[in-house]
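Work through the exercises below with the sequence and the 3D view at hand. Each task is followed by a solution in steps.

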Amino acid sequence: MASTKMKIKKSKTGGYEVMVLAKHPMETGLRKDKKTGEKIPEHFIENMEFAVNGEVVAQANLGTGVSKNPLIGVGIPNAKSGDKVTVSWVDNKGESDSAEKAVK
Amino acid sequence: MKRRIFLKGSLAAGTIAVAASAGLLTPTRVLASAWPKAAFESETEAEALQAFFGTSDVEQSDQVSIKAPLQAENGAVVPIKVMTSLENVEGIAICAIKNPRPYTTSLRVSGGGGGLYSTRIKMGQTSPVNCYVKAGGKLYMASQEIKVTVGGCGG
């Protein structure tokens with residue numbers, strides 16, 4: 001069910017920029033199911049880690065305030081061509097997914 | 001409540017174990033941090049900053065720039081991009097002040113990370129969005145007002 005897409009592009013400020021699109025409902029816990037009137041429980045990505053060649057360079061903390069199917073961009077100024085970028089996320093229900101791509 | 005925390009903890013540990021056994025996680029330096037629960041649950045910005053950065057002394061800086069729409073038609077998806085030219089960036093946080101929980105998202109940066117963070121957030125109503133950057137032990141900020149036509153919290 002989970003799918004995570006990653007794109008690496010050259011950043012204007014130098015280095016590279018990783019864009020990650022994770023498919024996730026990001027429920028706030030405030031929305032109600034229209035049919036049953038019951039609250040939909042919280043379900044959101046908590047942590048997303050970015051690693052270059054196995055070394056973690058950044059960790060994004062997301063919450064319920066982040067839009068559905070979050071698109072996250074992070075700069076990796078020191079990355080070189082051929083470096084392997086890995087991104088992995090975990091949500092509040094323990095579900096996780098990851099994606100991997102090499103810098104062009 | 002304690003039981004919940006325990007269950008959550010064991011769940012998280014479980015997924016890490018699974019990932020490790022699948023060879024996804026290499027035993028390298030991992031950021032020693034869990035999800036900053038206290039910051040996300042704060043109802044005021046100062047509390048959240050204290051919880052996440054350990055300080056709430058902020059300085060306005062023009063080295064922090066925000067790229068965001070002046071007017072967002074749909075509050076459920078508001079793209080925000082924070083850029084900074086500061087050196088030694090340690091963390092970036094985004095707060096939509098008038099949201100029920102202002103602290104929206106943050107990024108922790110360790111060696112080799114950069115001063116760029118972009119995301120899409122939900123906004124309940126027209127509000128200034130404050131972006132914080134911690135660099136070299138100090139906290140800097142920039143702010144932009146975003147008009148929201150249709151709120152995107154709850155529904």
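**Exercise 1. Elements of the two chains**

How many helices and how many strands does chain B have? Then do the count for chain A and give the order of the elements.

Solution. The model is a predicted one. Step 1: chain B contains three helices and nine strands. Step 2: along its sequence these follow the pattern α-α-α-β-β-β-β-β-β-β-β-β. Step 3: chain A has zero helices and seven strands, and its elements from the N terminus on read β-β-β-β-β-β-β.

**Exercise 2. Burial and contacts**

State what share of each chain counts as buried, and describe the contacts by their separation in sequence.

Solution. Step 1: chain A has 104 residues, of which 43% count as buried. Step 2: chain B has 155 residues, and 36% of them count as buried. Step 3: take contacts between residues at least 6 apart in sequence; in chain A, 53% of these join residues at least 24 apart. For chain B the corresponding value is 65%. Step 4: for the extent of chain A, the C-alpha atoms fill a box of roughly 50 × 25 × 20 Å along the principal axes.

**Exercise 3. A sheet with strands from both chains**

Which strands stand at the edges of the open sheet of six strands, and why is one side of each left without a neighbour?

Solution. Step 1: write down the strand order, which is 1(A)-2(A)-5(A)-7(B)-4(B)-2(B), with antiparallel pairing. Step 2: the edges are strand 1 (4–10) of chain A and strand 2 (64–67) of chain B; each has a single partner strand, so one side of each has no neighbour in the sheet. Step 3: on average, neighbouring strands of this sheet are turned by 15 degrees against each other, direction ignored. Step 4: look at one pair in detail. Strand 2 (residues 16–22) and strand 5 (residues 71–76) of chain A run antiparallel and are joined by six bridges. Within this pair, A:Tyr16 has A:Ile76 of strand 5 as its bridge partner.

**Exercise 4. One side of a helix**

Find the buried residues in helix 3 of chain B and say where they lie around the axis.

Solution. Step 1: helix 3 spans residues 45–53 of chain B, and B:Ala48, B:Leu49, B:Phe52 and B:Phe53 are buried in it. Step 2: these residues cover an arc of only 100 degrees around the axis, so they lie on the same side of helix 3 of chain B. Step 3: recall the general rule that an α-helix has 3.6 residues a turn, so residues three or four places apart point the same way. Step 4: the packing partners of the buried residues of helix 3 in chain B include helix 2 (37–41), strand 5 (89–96) and strand 9 (138–150). Step 5: just after helix 3 of chain B comes B:Gly54, with a positive phi of about 80 degrees.

Conventions
Residues numbered from 1 in each chain as written. Chains lettered and ligands numbered in written order. Predicted model: local features only at pLDDT ≥ 70, side-chain atom pairs only at ≥ 80, totals over all residues. Helix = DSSP H or I, 4+ residues; strand = E, 2+ residues; numbered from the N terminus. Buried ≥ 20, exposed ≤ 12 C-beta atoms within 10 Å, placed from the backbone. Contact = placed C-beta atoms within 7 Å. Pairing = 2+ DSSP bridges. Axes fitted to C-alpha atoms, helices over the stretch in contact; angles between N-to-C directions. Arc of directions from axis to C-beta.
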